[in-house]
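Trainee: I am new to this structure and would like to begin with one small part of it, before stepping back to the whole. Could you take me through that part slowly and explain each term as it comes up?

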2 protein chains.
Amino acid sequence: MPPTGFEARAEQRATIQRMAHEARVDPALGELLEELQEVEQQHDRESFEASLIRVARRDYEKAVRVPPRLQGELTRAASLGYAAWLQAREQKDYGVMLPHLERNLALRREYVACFEPEGDPYDVVLDDYEPGMKTHEVEPVFQLLKERLVPMIRAVAESEPVDDSCLHGRLPRDAQRRVAMTILERWGFDRLSWALDDTVHPFMSSMSPADIRLTTRFDDDNIHGILSCLHEFGHGLYERQLDPRYTRTPLADGVSAAFHESQSRGWENLVGRRLSTWKFFYPVLQEALPGFADVPLETFHRALNKVQPTYRRVDSDEVTYGLHIILRFELERELLSGALDLRDLPEAFDAKMRDYLGLQPPDIVTGVLQDVHWSDMTFGYFPTYQLGNIISVQIWQRAEAELGDFDEQFERGEFAPLAEWLREHVHRHGRAFEPKDLLQRVTGAGVDAAPYLGYLERKLEELFGAAVA
Amino acid sequence: MPPTGFEARAEQRATIQRMAHEARVDPALGELLEELQEVEQQHDRESFEASLIRVARRDYEKAVRVPPRLQGELTRAASLGYAAWLQAREQKDYGVMLPHLERNLALRREYVACFEPEGDPYDVVLDDYEPGMKTHEVEPVFQLLKERLVPMIRAVAESEPVDDSCLHGRLPRDAQRRVAMTILERWGFDRLSWALDDTVHPFMSSMSPADIRLTTRFDDDNIHGILSCLHEFGHGLYERQLDPRYTRTPLADGVSAAFHESQSRGWENLVGRRLSTWKFFYPVLQEALPGFADVPLETFHRALNKVQPTYRRVDSDEVTYGLHIILRFELERELLSGALDLRDLPEAFDAKMRDYLGLQPPDIVTGVLQDVHWSDMTFGYFPTYQLGNIISVQIWQRAEAELGDFDEQFERGEFAPLAEWLREHVHRHGRAFEPKDLLQRVTGAGVDAAPYLGYLERKLEELFGAAVA
């Protein structure tokens, strides 16, 4: 889009969202759902029919609380906020952004008020991404993480850094793409139903279970492009393995943002950064990228799992990632409640960066303007990233308990049992259950950070020895 | 899109088109237009208000004739026809295509019947692209062209072919892009409101007058990419110069397909293949592409204007182009009326190729499967390509009569007077007038092939001497 296109786009997106919302709140739909109560009761709660009616009703009941006009305004202000964010970054000037943040925050509060929340107002925004999840359930999980991660990271910062120089250098894109395709095809990507294309920002979009599109960006001087392919594959596999009967119904989607992220982070980190996985794929990498010919597998694996605090969330490793999220979760709650004024946000952001990660961002672009998410004051989404990490390990442990030692399987290039297990227990259900019900079915527990913390501690011990973990 | 995505896409596009059509035929819109009759009469016919109401009513009255269900079916069958067309080309098998053509033709006839045509049924499809134009007006124009072009082309085929070898060879894309950008920027492309990106099929799309997007494909072995930029620029300038007051109203579009094509063909051919234009730009081309250093300007200009019958419409030159269109127009009419059976279409296509262009297509892909347009039995669009060529010369002569000798201006790099004249007389009006009214205002005449034929004759005389023309 050329620069002056942003105004028309804001109007067009606002119109489309307003019209879409009018369709969502159509009284005829409400009447239909009323009529269908009987059908719902006649069917088993877990049946396709009952689930479809239940989920459609939930969507309808949430939608009717929000006037279409407000939906249009939110969309318009979001588009203008995005354009301002690009400009503020270019000029390194928070002042450009401030009036847009104020407008978007006012609209976000208006949105929250539509739900007349009795508990924490943050519950409203959280529910948009994590249906049924309450703020008071997230808080203790994040509190525990913070208590454990902050000292872990201090200890890491005092240790000898892992040498990851092998991951940088002349790494031709085409060769990286071949490596990524070899891995993805082994994992279940087929060229009839999947596509992989180039883009600036890696992404997965799915039009139907028969149309899964991944995008990534390969750079000639690092292998992030390969790792983002593995991440987006996890998102794609979820959509690919939805029950085909759900197609074109409200059930045909991931159950929540955290569950979706658990799948992408699972394939990226739990599979994709694992030594046994690379025992199988490293020869492919070495053949495609001759710079790795003399790098021992163990050196490569340690580099892939380097831990070191970074300014930017998207550059962060598995251990420090959680703190980037927690500081955002805390600031979102303060902004929504009014405890923090938007004018004080940059300094509040930096203060938490210093406290949690021991880093002072050198400028506003590396500080509070680093993420696009707040350009429209979208709240409630950041915590799902970290909840996804936590859930990924919970699901993983359950899968391994049922399928046997993954290392033995991965070394032999056997990934199909894991993919099939995920289909059976998670993917095919789509939105049929509430996220917490699904988690209970799969793992027998609620959200629990302990397995995730145990996983990180074992990883740190491997990399730095027992002193750190 | 991965191959198996086509079914979901067909359903999705059908749903969107059905819903969009439901909005177009909303009885509330009809009532509103009824109420506005008084407002329309209170305003001058050429006023913004009266034009807006008149054009919106015309759109509404056409739309209400078509049931939303049929609109959805047409869209679904079109998507499936497109997928079949790709497959038929790959397999060089018309049989793959035939059932889809039959389905689409049946739907097209159902569509035509909605309008209960009293005259030629082809009028209905023509009106979708050329509002108000009748088949019996196109027929004599095309008849005259055929009578004059067929012998011209026979004579050309017997002449020494123009040597266009200078247009082929090592022509790096990046250098071609720089040349194209230099030309476009001189013509009025600015980087705030326009964008030029890469694609497989060149195209112009406009989101608003402040957001004009051109796409093209540069190949390393020919300069078609530059010429398609000039073509798409013509489409873009039309949208760029619409009256900004029309934005987000039914008036904000080109008045007809032929008028739009007259602008793209005008900038591509009448400006872009002209000697005086290249007197100004040739040094830029020579600097960017050193292969042209030793090629005299006149040799380059002759190559750019080569005339030679080709199998494919999209490869054809200015002189032979019209016959590619005329044969399609004739076949469309025969298919719609039932005079020609779809099973006999491939041979009927080849027969006309032999008659009009002296060429027998070597296979079905080069024959009747060469164009995407018929994959959904879209009729009425092809003739507008040639009507656009004809109109472009009519407009051009009028502009030159008012602005003075273009060659003198172009040699000096002055293209702004032409662009401004087009804005004033054509572009800004959008859809406010019927195409034939606009043509009358601009040129004082109806569609007239004589200026176009005169232009071609002068061109042939330049290239081959008086014997041919």
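Leaving aside its neighbours within four places in sequence, which residues is Asp355(B) in contact with?

Mentor: Before the answer, please keep in mind that this is a predicted model, in which local features need pLDDT of at least 70, side-chain atom pairs count only at pLDDT 80 or more, and totals for chains, interfaces and linings use all residues. Residues are numbered from 1 along each chain as its sequence is written, chains are lettered from A and ligands numbered from 1 in the order in which they are written, and side-chain values use heavy atoms, with hydrogens and water left out.

Once the neighbours within four places in sequence are set aside, Asp355(B) is in contact with Val150(B) and Arg154(B), where contact means heavy atoms within 4.5 Å. Asp355(B) itself belongs to helix H15, residues 345–357 of chain B; helices (H or I, at least four residues) and strands (E, at least two) are DSSP runs, numbered from the N terminus. With a relative accessible area of 47%, Asp355(B) is partly exposed, a class that lies between buried (under 20% relative accessible area) and exposed (over 50%), using a 1.4 Å probe and protein chains only. Leu327(B) is 28 residues away from Asp355(B) in sequence, and their C-alpha atoms are 9.7 Å apart in space.

Arg398(B), in helix H16 (residues 382–403) of chain B, can be read in the same manner. Arg398(B) has 37% relative accessibility and counts as partly exposed, and, leaving aside neighbours within four places in sequence, Arg398(B) is in contact with Trp421(B), Val442(B) and Thr443(B). One of these partners, Thr443(B), is 45 residues from Arg398(B) in sequence but 6.1 Å from it in space, C-alpha to C-alpha.

Loops deserve a look as well, and Pro131(B) is in the one between helix H7 (122–129) and helix H8 (135–158) of chain B. Pro131(B) is buried, its relative accessible area being 14%, and, not counting residues up to four places away in sequence, Pro131(B) touches Arg58(B), Val255(B), Ser256(B), Glu434(B) and Pro435(B). Of that group, Arg58(B) is 73 residues from Pro131(B) in sequence, with 9.8 Å between the C-alpha atoms. Another loop of chain B, between helix H5 (68–91) and helix H6 (94–113), holds Lys92(B), which is exposed at a relative accessible area of 51% and has a positive phi of about 50 degrees although it is not a glycine.

Chain A offers loop residues of its own. Arg248(A), in the loop between helix H10 (224–240) and helix H11 (257–271) of chain A, is not a glycine and yet has a positive phi of about 65 degrees. Pro161(A) sits in the loop between helix H8 (135–158) and helix H9 (173–187) of chain A and, with 49% relative accessibility, counts as partly exposed.

Stepping back to the whole chain, we find 20 helices and three strands in chain A, whose C-alpha trace spans about 65 × 55 × 45 Å along its principal axes. Chain A has a radius of gyration of 23 Å, which agrees with the value near 23 Å for a compact globule of 469 residues; this radius is taken over C-alpha atoms, and the globule rule is 2.2 Å times the number of residues to the power 0.38. Of the 469 residues in chain A, 55% are buried, and residues 24 or more positions apart account for 71% of the contacts in chain A with a separation of 6 or more.

Finally, the two chains can be compared by superposing the copies by least squares on the C-alpha atoms of residues with pLDDT of at least 70 in both. A turn of 180 degrees, with a shift of 0.0 Å along the axis, lays chain A on chain B with an RMSD of 0.0 Å, and that is the relation of a two-fold axis. The same surface serves both copies, since 100% of the contact residues of chain A recur in chain B. Met19(A) is the residue of chain A that comes closest to the rotation axis, its C-alpha lying at 5.4 Å.
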